[in-house]
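Q: Hi, I'd like to go through this model with you. Could you bring it up?

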Amino acid sequence: YLAVRSIVFKLTKGEAPDTEQMNAKVREMIKEAIQSEGVEEIFKLGESPETQIDIFDPDYLAKIDKIKLPNTKIKLLQQLLAKAIDQFKKVNKVKALDFSKKMKTLVDSYNERKADILQSEVLEDFTDEIISLYHELVKEKNSFTDLGIDFEEKAFYDILKSLCIKYDFSYPEDKLLHLAKQVKVVVDDKAKYTDWNQRTDIKAELKVDLILLLAANDYPPVDKDEVYKEIFEQAENFKKYN
């Protein structure tokens with residue numbers, strides 16, 4: 001507050017304040033304001049292994065909500081959502097990519113409206129949309145429990161489901177869930193080898209096993225290579241991070 005008064009006083013006296021000094025003062029003010037609100041740890045998101053935190057902890061949104069500076073709050077929300085998507089991608093690549101696209105759409109829309117940035121409703125709308133997408137991600141992250149499968153099976157389920165949508169065909173839900181579970185069994189059998197994703201023989205066996213499994217379950221006519229590619233990439237992605 002005193003720093004701002006000093007700057008304003010200089011301007012009214014016709015004096016030009018030192019730009020670097022002014023920026024430093026403002027940064028220090030923001031830092032102190034954030035620390036006083038007890039949310040300084042938000043800025044440590046992903047800085048180092050020692051500062052790794054549970055970004056899905058609902059307390060985080062409550063802490064961010066305490067920040068009174070709209071632009072600072074928006075930047076923190078974007079950072080939080082981006083980190084959440086990155087974490088989710090380690091478990092479910094297909095769905096995480098969907099959320100990445102949704103976030104990009106929101107950010108692009110916000111950037112287009114920057115001409116109206118002084119209008120508080122623009123900032124409030126974007127803040128609400130980011131928070132809403134974050135909650136949608138959290139709900140999706142835990143949705144496997146409602147289906148009676150585990151989170152890795154849910155990732156394979158999403159791949160099979162997305163192909164149904166892409167090629168506009170229907171497939172019974174119960175059979176889709178069963179197939180997702182069987183896909184995991186096949187993948188786990190091959191992924192038990194440490195270097196499984198580097199060995200052409202094991203990758204070939206995995207592809208054959210998956211093709212036979214799809215045929216046995218009458219999975220509708222889609223490019224089997226595409227199904228294999230999606231499943232292999234998800235399996236490789238999951239095993240890399242888990």
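A: Helices here are DSSP runs of H or I with at least four residues, and strands are runs of E with at least two, both numbered from the N terminus. The model is predicted: local features need pLDDT of at least 70, side-chain atom pairs count only at 80 or more, and totals for chains, interfaces and linings use all residues. Residues are numbered from 1 along each chain, and side-chain values use heavy atoms, without hydrogens or water.

Q: Great, how many helices and strands does the protein chain have?
A: The protein chain has 11 helices and zero strands. Read from the N terminus, its order is α-α-α-α-α-α-α-α-α-α-α.

Q: And what share of the chain is buried?
A: Of its 242 residues, 36% are buried, meaning under 20% relative accessible area with a 1.4 Å probe (over 50% is exposed, and partly exposed lies in between).

Q: What about serine 109, where does that one sit?
A: Serine 109 belongs to helix 5, which covers residues 93-112.

Q: Is serine 109 buried, exposed or partly exposed?
A: Serine 109 is partly exposed, since its relative accessible area is 32%. Its C-alpha atom is 8.9 Å from that of phenylalanine 126, which is 17 residues away along the chain.

Q: Switching topic: how much space is in the largest pocket?
A: The largest pocket holds about 350 Å³. A pocket is an open set of points on a 1 Å grid where a 1.4 Å probe fits, with protein on both sides within 12 Å along at least five of seven lines, and lining residues have an atom within 4 Å of a point. There are 17 lining residues in the largest pocket, and closest to its centre are Val94, Asp98, Asp158, Ser162 and Glu230.

Q: Which elements give two or more residues to that lining?
A: Those are helix 5, helix 8 (151-166) and helix 11 (224-241). Helix 8 contributes the most to the largest pocket's lining, with seven residues.

Q: Cool. What volume does the second largest pocket have?
A: The second largest pocket comes to about 200 Å³, the volume being the space filled by probe spheres set on grid points joined across faces, edges and corners. Its lining has 16 residues, and nearest the centre are Phe56, Gln87, Phe88, Val91 and Lys141.

Q: Which helices supply at least two residues there?
A: Helix 4 (70-89), helix 6 (120-141) and helix 8 each do so for the second largest pocket. The largest share of that lining comes from helix 8, with three residues.
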